[in-house]
Amino acid sequence: FTITVTSNVVNDGKISFVMDSEDALKQFKHNYVPDASGANAGDYDDYTDFWEYSDEYKGVMRINDKSSDPANDIVSLLLPGQKFTNYEMTVVYQNTNANSGWIGFVGLHSKADKRFMDSGFGAFVQSEGFPTIWGQGIGIHENKNIIYDSSLIHILKVKVYNGIIELYLDDMNTPLLSFEIGSAATNAGGEIGVFCSGAGYVIKSISYAYLNVDGTIDSYFPVTELTVNGVPTTAKVGDTATLEMSVNEDATRKTIVMESSDSNI
């Protein structure tokens, strides 16, 4: 048999996704919320109605804006199967048409049919260039003192730790906006991801990291070694073989998922 090992890119303890093809979208859970009503909202499998790869801009592009209200038509790429408390997330993006949409992060996401401002929070940049934090029970907070050119490539980062939300744009050392949501809210955890409302945004890369309660990075260590023992040299129909598999001891996650390309095995 053949062993295939897949892994995300890990730099400085952070897990990164380079959005260099449409296939890169398969690594995420997809969610769509058209408006506050919750009608026709939820998780979905077919992302081609909302995303396509742009060879011109070298990234995945949000398509099919279905609302004139930037607070609606929210499409999210969520990290699957995890809830986060203290973390940071970064996206490299470009707005190709200066439309009326928003781009940024959704956090504490727990209800598939709700917008981030109705359940959880959003930390994002409006099309006018205003950094914004808006969430359930915390209201709208904007920084209108700095307006960024929406047509350029930008790096956007959010840090959530010890009940605090910080939003960074281009300068990764000084937050443009900070709001204390309270540790009770953040410690409850939730899904995290990147969202767009409005077409024309191109996402070039996404990364995330686990943080300690003081905001420092709790470095992620990838699987670098895989050992398989107990492999039979011969087998016949009906035989059972138990494989012993292990990874390097410092790996942050040691869970191994085994799949077979043969439906009979």
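These notebook entries record what I looked up about salt bridges in a predicted model.

Entry 1, overall count. I began with the total, and the structure holds ten salt bridges. I then examined individual pairs, with the accessibility of each partner.

Entry 2, K26 and D23. I found a salt bridge between K26 and D23, in which the closest N and O atoms lie 3.2 Å apart. K26 has a relative accessibility of 58% and therefore counts as exposed, the cut-off being over 50%. D23, at a relative accessible area of 48%, is partly exposed.

Entry 3, D43 and K29. I noted that the side chains of these two residues, D43 and K29, form a salt bridge with an N to O distance of 3.4 Å. D43 belongs to strand β4 (residues 42-44) and K29 to strand β3 (residues 29-33), so this pair ties together parts that are 14 residues apart in sequence. I recorded D43 as partly exposed, its relative accessible area being 41%. K29 is also partly exposed, with a value of 25%.

Entry 4, R115 and D118. I looked up the salt bridge between the side chains of R115 and D118, where the N to O distance is 2.7 Å. R115 has a relative accessible area of 12% and is therefore buried, since buried means under 20%. D118 counts as partly exposed, at 28% relative accessibility.

Entry 5, shared partners. I last checked for linked salt bridges: K29, D43 and E191 are joined into one network by salt bridges that share partners. The D43 and K29 pair of Entry 3 thus has both its residues in this network.

Key:
Residues are numbered from 1 along each chain as its sequence is written. This is a predicted model: local features need pLDDT of at least 70, side-chain atom pairs count only at pLDDT 80 or more; totals for chains, interfaces and linings use all residues. Side-chain values use heavy atoms; hydrogens and water are left out. Buried means under 20% relative accessible area, exposed over 50%, partly exposed in between (1.4 Å probe, protein chains only). Helices (H or I, at least four residues) and strands (E, at least two) are DSSP runs, numbered from the N terminus.
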